[in-house]
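Please open the model in a viewer and keep the sequence panel visible beside it. The stops below are meant to be followed in order, each beginning with a selection.

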Amino acid sequence: MLGWFGRRSRRRKLLRAPVEGDWNRFLLVNVPQFAQLHVDQRDRLLDHTRLFMAEKRFEAALGYQITDEMCVTIAAQACLLLLADDPITARYFPRIRSIIVYPETYAAPVKATGPAGIVTEGRSFRAGEAWHGVGSGVDGYIILSWADVKRGAADPSDGRNVVLHEFAHALDGESGSVEGAPALKDKAEYRAWSRVFQREFAELRAAALHGQPTLLNTYGAQSPAEFFAVATEAYFEQPWHMKQMHPELFGQLKRFYGWDPGGGGLG
Ligand SMILES: [Zn+2]
């Protein structure tokens, strides 16, 4: 209990201090949704961003330099997912302790075992990844390529955003496993979620198989976890299209995230 009260008062104190640095410029340039928000939402996103930055560790890979612009941009984009929450009590991705930033897409070793037990090893080039630490007892972390973070922000309506994608995986992991469903309120919500998500996932797989055009990135056809991450990207980047083309999916995401990035304010 003391820890909880301590955290609340620490957060209140931190938010009373003035913001140092030109954060508004970073937010306007690198978080396209920021300009679309109501004034109360902007203030709240700024508070979330400050607390996120105070409570997470940012690390640079390979001697690269972390800048304020990187921290503010990544924190603010991640906190779009939590915008409906009160900053004083928000859970800032509790399984994620640090964010590691690479300058560019980076190579990661991969190892896959084929049907005959043949192990293939190689390197895969990645824009980001989430290690949520579920079941491992190890603190989770998110790895991001700064070049890809910037690319994601450059076109706010292309449905691609690596920060939203990786932090959606982090939310998914909060339920105890990463399988395309974050922690929901009750069984009824899980039932509704799984009915809609299973159908939409099957439709995306079929469309990907037949080469049909889709609003959602067909990367999401890989697994339910990737589907949730890709659907989250589209929800925040193409809310109007999603509402029209996938109304039930949009409805589930709106209930979960608690606000409509296409307008309509908080709640
Ligand atoms: Zn993913």
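**First stop: the zinc ion**

Select the donor residues of the zinc ion, which follow the spacing H-x3-H-x56-E in the sequence. Two of them link distant parts of the chain: histidine 165 belongs to helix H7 and glutamate 226 to helix H9, 61 residues apart. This is a predicted model, and the geometry should be read accordingly.

Show the side chains and display distances to the metal. The protein donors are NE2 of His165, NE2 of His169 and two OE atoms of Glu226, and they lie 2.1 to 2.6 Å from the zinc ion. Which geometry do the four donor atoms around the zinc ion form? The angles they subtend run from 54 to 144°, so the arrangement is irregular. A tetrahedral assignment would require all angles to lie between 85 and 135 degrees.

Colour the site by accessibility next. Histidine 165 is buried, at 7% relative accessibility, and glutamate 226 is also buried, at 14%.

Keep glutamate 226 selected, in helix H9, and display its contacts. Setting aside residues up to four places away in sequence, glutamate 226 touches His165, His169, Tyr219 and Gly220. A C-alpha to C-alpha distance drawn from glutamate 226 to alanine 168 reads 9.3 Å, for two residues 58 apart in sequence.

**Second stop: alanine 234**

Stay in helix H9 and move to alanine 234. Alanine 234 counts as buried, at 2% relative accessibility. Add glycine 159 to the selection: the two C-alpha atoms are separated by 4.6 Å, although the residues are 75 apart along the chain. Beyond its neighbours within four places in sequence, alanine 234 is in contact with Gly159, Leu216, Pro239 and Met242.

**Third stop: the nonpolar core**

Select Phe52, Ile74, Phe93, Phe167, Met242 and Leu253. These residues touch the most other members of the largest nonpolar core, which has 68 residues. Met242 was encountered at the previous stop as a contact of alanine 234.

Centre the view on isoleucine 74. With neighbours within four places in sequence left aside, its contacts are Phe58, Ile99, Val101, Leu144, Trp146, Val149, Val163 and Phe167. Apart from this core lies another, of five residues, including Ala61, Ile100, Tyr106 and Ile143.

Then select phenylalanine 93, in the loop between helix H5 (68-79) and strand S2 (96-102). Is phenylalanine 93 buried or exposed? At 1% relative accessibility, phenylalanine 93 counts as buried. Its backbone also merits inspection: phi is near 50°, a positive value in a residue other than glycine.

**Fourth stop: helix H11**

Select residues 247-257, which form helix H11, and colour them by burial: Leu249, Phe250, Gln252, Leu253 and Tyr257 are buried. Where do these residues sit around the axis of H11? They cover an arc of only 160°, which puts them on the same side of the helix. In an α-helix there are 3.6 residues a turn, so residues three or four places apart point the same way.

Now bring up what surrounds this side. The buried residues of H11 pack against helix H7 (162-173), helix H8 (187-209), helix H9 (224-237) and helix H10 (239-245). Leu253 also appeared in the core selection, among the residues touching the most other members.

For a contrast within H11, select glycine 251. Glycine 251 is partly exposed, with a relative accessible area of 37%. Its C-alpha lies 9.6 Å from that of valine 196, a residue 55 places away in sequence. Just after the helix, glycine 258 takes a positive phi of about 80°.

**Fifth stop: the cysteines and the whole chain**

Select cysteine 71 and cysteine 79. Cysteine 71 is buried at 8% relative accessibility, and cysteine 79 is buried with a relative accessible area of 0%. How many disulfides does a search of the whole structure find? The search finds zero.

Finally, zoom out to the complete chain. The protein chain contains eleven helices and six strands. Of its 267 residues, 46% are buried. Among contacts between residues at least 6 apart in sequence, 64% join residues at least 24 apart.

How values were computed: Residues are numbered from 1 along each chain as its sequence is written. This is a predicted model: local features need pLDDT of at least 70, side-chain atom pairs count only at pLDDT 80 or more; totals for chains, interfaces and linings use all residues. Side-chain values use heavy atoms; hydrogens and water are left out. Buried means under 20% relative accessible area, exposed over 50%, partly exposed in between (1.4 Å probe, protein chains only). Helices (H or I, at least four residues) and strands (E, at least two) are DSSP runs, numbered from the N terminus. The arc is that of the directions from the helix axis to the C-beta atoms. Contact means heavy atoms within 4.5 Å. A disulfide is a pair of cysteine sulfur atoms within 2.5 Å. A nonpolar core is a set of buried Ala, Val, Leu, Ile, Met, Phe, Trp, Tyr and Cys residues joined through side-chain atoms within 4.5 Å. Donors are N, O and S atoms within 2.8 Å of the metal (3.2 Å for Na, K and Ca); water is not among the atoms, so sites may look incomplete. Four donors count as tetrahedral if all angles lie between 85 and 135 degrees; four count as square planar and six as octahedral if opposite donors are over 155 degrees apart and all others between 65 and 115; anything else is irregular.
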